[in-house]
Amino acid sequence: MSVLFATSEAYPLIKTGGLADVSGALPAALIELGVDVRIVLPRYGDLALREDQTTEHVSRIDVLGQPVDILQTVMPDSGVMVYLVDHPTFSARQGNPYMGPDGNSWHDNPDRFALFARAAVSLATAEVDADWQPDVVHANDWQTGLIPALLHEADSIKTVFTLHNLAYQGVFDRSTFERLGLPWSLWRPDGLEFWGNMSFIKGGIVFADRITTVSPNYAQEIQTPAFGYGLDGLLRHRRDALVGILNGIGSDWDPSHDPALHTPYSIKDLDGKAVNKAALQKELGLPVRDDVPLIVHVGRLVEQKGTDLLIQALSMLDQRDVQFACLGSGETRFEQALRARAEADPERIAVRIGYDEGLAHRLEGGGDAFIMPSRFEPCGLNQLYSLKYGTVPIVHSVGGLADTVTPVSQETLRNGTATGIVMDHLDVNAILWAFDAFIRLFDRDDELDAVRRQAMAQHYDWDASARSYLSLYEEITTR
């Protein structure tokens, strides 16, 4: 089985969110199952290539009159082969791959990712390497949505399209469609046309042989108007081709051998948890106290993640004896508001704007609980990290959060299945209720210990996810 895995980001080469984690980990897990998987990725200007990492020129192709170089390298840790699509619209820019320094999307994103799609199609059809052709092309999110559309007439090549977040759809006007030189046969309601505009993500949904989401619950949610972003009818129409496969987490997230932590710990020996908490409090400038719950948060500071509601809740902590620590970046208004909360309440709130992989690990290792008040969450990875680290997840019951966290209740505490605090609905009062629920749990040592150990006993590794994808690949290539 051979697979071309098309993605706009892959950790550790380039990362803005969970797509990068999946794109770095899933191909590596598939390799372990004997799949010949190769990644195709844009050659961004500040791709994090290691000093000893070499690139080799494979070919130069013509994309609508533009010369595009195809380079080859490997993923630093896994050795998975990577094709890099090298063109100045990617390589001549630094920073975020989708947005400029002003926070707005690059004006030529449709041109850039249409070019990327055409280059991926050239790889898929053996125009670049006559000695290798994939059985399956696995495309991911709107940036690769044109690939299944452009390949749909090539019956020998099957396609899988994964929706990591349906909210980002790559919608542009008709003049963009015309400028991109796409086949006019794609401009129709059952093609790329979307209410008079064109939609990149619709290309993947309409033309892929199978559509996947990153959790079973999200696959159901996006078929409803509340979560479908105008595509719920199409997704219901294609429900027989739609399946949810839960993401996993990599072996680098393990408190028993995490180099970022002050002290390792495990389900058999939780003593290191308290040591990491004290070290984290000291690092963040919070009072070092073992008698106060430390609730942490890592993520993008955007409305989807409930950041606005979380900020309001932090302003209403009143006399609650609790500490809160946050690491993230996103909308300027949220960054400023969080900084202001930390300045106004430095004994209880610490905020770090930006991203620091090591600090993200230490927040998981030292936090007592991890809050994720997402309005929607296709899968979520931080709740999986939190389970692994015995850092009780506090979540809204949506998407993958509902699939992976069992709410604390009298019954689940009694039968030993509780793993987190779950909000059935989401508003400021729900977040304050969740804070209070965890404070009560924190004050009951035996119950807190039981919930932590049950959380750490959960297994969400990439092997299970990879086996599900391999079964899917085999199904579509043998029918």
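The exercises below, each with a worked solution, concern a predicted model. Local features are taken at pLDDT of at least 70 and side-chain atom pairs only at pLDDT 80 or more, whereas totals for chains, interfaces and linings use all residues. Residues are numbered from 1 along each chain as its sequence is written, and side-chain values use heavy atoms, with hydrogens and water left out.

**Exercise 1. Describe the open sheet and place two helices on it.**

Begin with the strand order, where strands are DSSP runs of E with at least two residues and helices are runs of H or I with at least four, both numbered from the N terminus. Nine strands form an open sheet in the order β3-β4-β5-β2-β1-β6-β7-β11-β12, with mixed pairing; two strands pair if DSSP finds at least two bridges between them. At the edges stand β3 (56–63) and β12 (242–244), each of which pairs on one side only. From one strand to the next, the twist averages 25°.

Next, take one pair: β1 (residues 2–6) and β6 (residues 136–140) run in the parallel sense over four bridges, and histidine 138 in β6 is the bridge partner of phenylalanine 5.

Finally, add the helices, with contact meaning heavy atoms within 4.5 Å. Helix α1 (residues 18–32) packs on the sheet by touching β1, β2 (36–42) and β6, and its direction makes about 155° with that of β2. Helix α3 (residues 109–124) also packs on the sheet, touching β1, β2, β3, β4, β5 and β6, and its direction likewise makes about 155° with that of β2. Axes are lines fitted to C-alpha atoms, for helices over the stretch in contact, and angles run from 0 to 180 degrees between N-to-C directions.

**Exercise 2. Determine the surroundings of glycine 365.**

First locate the residue: glycine 365 lies in helix α13 (residues 357–366). Then consider exposure, where buried means under 20% relative accessible area, exposed over 50%, and partly exposed in between, with a 1.4 Å probe and protein chains only. Glycine 365 has a relative accessible area of 0% and is therefore buried. Its contacts, leaving aside residues up to four places away in sequence, are Leu261, Tyr265, Lys273, Asn276 and Tyr389.

**Exercise 3. Compare the backbone at aspartate 141 and tyrosine 229.**

Most residues other than glycine have a negative phi. Aspartate 141, in the loop between β6 and α4 (146–151), has a positive phi near 65°, and its 8% relative accessibility makes it buried. Tyrosine 229, in the loop between α8 (225–228) and α9 (232–237), has a positive phi near 50° and, at 37% relative accessibility, is partly exposed.
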